[in-house]
Amino acid sequence: MEKRILLIVSGGIAAVKCPDLIHRLSARNIATRCILTSSGAEFVTPLSLATFSGDKVYDELFCLTDESQMGHIELSRRADLILIVPATAHILARMASGLADDLATTVLLATDKPVMVAPAMNVQMWEHAATAHNLEILKQRGIMVIGPEEGEMACGEYGFGRMSEPEDIVNAIEKYFSQGNRLRNKRALVTSGPTIEAIDPARCIASRSSGKQGHAIANALAHLGAKTTLVSGPSNEPDPSGVSVVHVQSARDMLVACKDSLPTDIVVCAAAVSDWRTKKESQSKLKKNGVDQKVLELILNPDILATLSKLSKERPSLVVGFAAETEDVIAYATKKRMTKGCDWIVANDISTKTNTFGGENNTVNLITSDGVENWPKMTKTQVAEKLALRIADALDQSAKG
Ligand code: CTP
């Protein structure tokens with residue numbers, strides 16, 4: 001089936017490459033409809049975009065005729081992907097702050113479609129802390145970024161900021177569309193974040209986890225087309241788009257929510273579940289009353305990963321656990337794979353020196369029945385994408401027999 005892209009052309013010199021980009025997309029059976037920002041129109045004309053795309057070019061938010069024929073919601077509804085080429089520092093900043101002051105940014109705020117950007121700007125602008133911060137926010141929201149490349153720029157400077165070539169952008173889009181089907185018709189369940197076990201109305205036992213890795217995995221599985229449920233303990237991470245999210249507090253709530261989302265094909269347990277809870281939660285605040293030592297009686301929480309791995313009915317095809325270790329990482333993780341009964345374990349060293357909990361990066365080892373793979377240090381998003389692709393490979397493999 002023909003795919004449809006909504007192309008937002010913003011105001012940089014690289015906008016002149018858009019007609020060529022549209023031509024290359026159409027050669028691969030990808031249709032383009034354009035929104036041209038007012039600064040984009042300084043570099044490329046509506047007529048040339050209309051000629052190459054074979055469609056009307058949209059540029060005004062408050063044009064009554066357009067709103068009656070094709071409103072900003074409808075524009076995004078009819079697209080499989082929204083692409084911003086070139087993505088200037090300005091449009092990235094407006095997206096990061098959630099502004100909606102023209103048609104392009106209004107569409108971007110109102111859409112639930114995947115968004116890909118190809119940044120292009122002067123090297124100083126690219127390296128500015130504000131741009132880096134905006135890009136980080138956008139990546140966390142699941143926005144895909146192509147380039148920029150290092151090279152000579154129109155302003156005469158040299159460095160990072162040069163937009164990726166149209167052919168590279170087209171290749172990235174094709175790859176995205178082909179991967180978007182890999183887990184179609186599969187269901188995935190991901191646990192993420194910490195769990196919180198109440199001691200009394202004022203205090204709790206919590207585990208350390210930001211939810212970054214688990215949320216990124218849910219996002220990556222959804223990008224491959226899996227119908228994904230994320231069961232998350234309290235986390236500051238935004239809900240990934242296109243994922244159904246269940247917010248929970250305790251390990252027992254998490255287990256109930258996981259069981260409610262069965263049957264599923266894929267399970268990834270990335271949550272740092274509190275192993276224990278108090279034997280009896282106090283309904284009133286525990287008072288010190290001059291006592292300088294207090295013993296809490298703790299009992300073990302249910303093990304969600306082991307429960308899902310050992311389901312006798314409708315066991316998921318692939319169950320992946322994490323092992324958070326501070327020493328003998330591989331040995332402990334290998335043992336955990338056996339005792340919990342899961343298929344794979346992603347082992348990571350969470351000792352303080354690695355800054356894994358709460359940090360952006362992760363260095364993991366994937367332990368399967370075939371042995372141990374050492375993955376290089378990557379961002380948590382990259383770990384998630386690589387893991388999701390490995391999961392897709394494994395399911396393809398088992399479908400073949
Ligand atoms: N896990 C779980 N339910 C629990 C405890 C852990 O689902 N009650 C899952 C985690 O999500 C992770 C894996 O089990 O996928 C391993 O968690 P980890 O904290 O490394 O190990 P524990 O089982 O807690 O064992 P230990 O504390 O002895 O290392």
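**Domain interface and Ser232**

Biologist: How many salt bridges does the rule find across the interface of domain 1 and domain 2?

Modeller: Zero. A salt bridge needs a side-chain nitrogen of Lys or Arg within 4 Å of a carboxyl oxygen of Asp or Glu. This is a predicted model: local features need pLDDT of at least 70, side-chain atom pairs count only at pLDDT 80 or more, and totals for chains, interfaces and linings use all residues. Residues are numbered from 1 along each chain as its sequence is written, and side-chain values use heavy atoms, without hydrogens and water.

Biologist: What makes the two parts domains, and what are their bounds?

Modeller: The bounds come from an automatic or database domain assignment. Domain 1 covers 3–179 and domain 2 covers 187–399. Their centres, taken over C-alpha atoms, are 36 Å apart.

Biologist: How do you know that domain 1 and domain 2 are in contact?

Modeller: Contact means heavy atoms within 4.5 Å. Five residues of domain 1 meet that rule with six residues of domain 2.

Biologist: What is the area buried between domain 1 and domain 2?

Modeller: About 610 Å², with 46% from carbon and sulfur atoms. Buried area is the accessible area (1.4 Å probe) that two parts lose on being put together, summed over both.

Biologist: Why is Ser232 called buried?

Modeller: Its relative accessible area is 2%. Buried means under 20% (1.4 Å probe, protein chains only), with exposed over 50% and partly exposed in between. So Ser232 counts as buried.

Biologist: Which residues does Ser232 touch, not counting those up to four places away in sequence?

Modeller: Ser192, His215, Val246, His247, Val248 and Met254.
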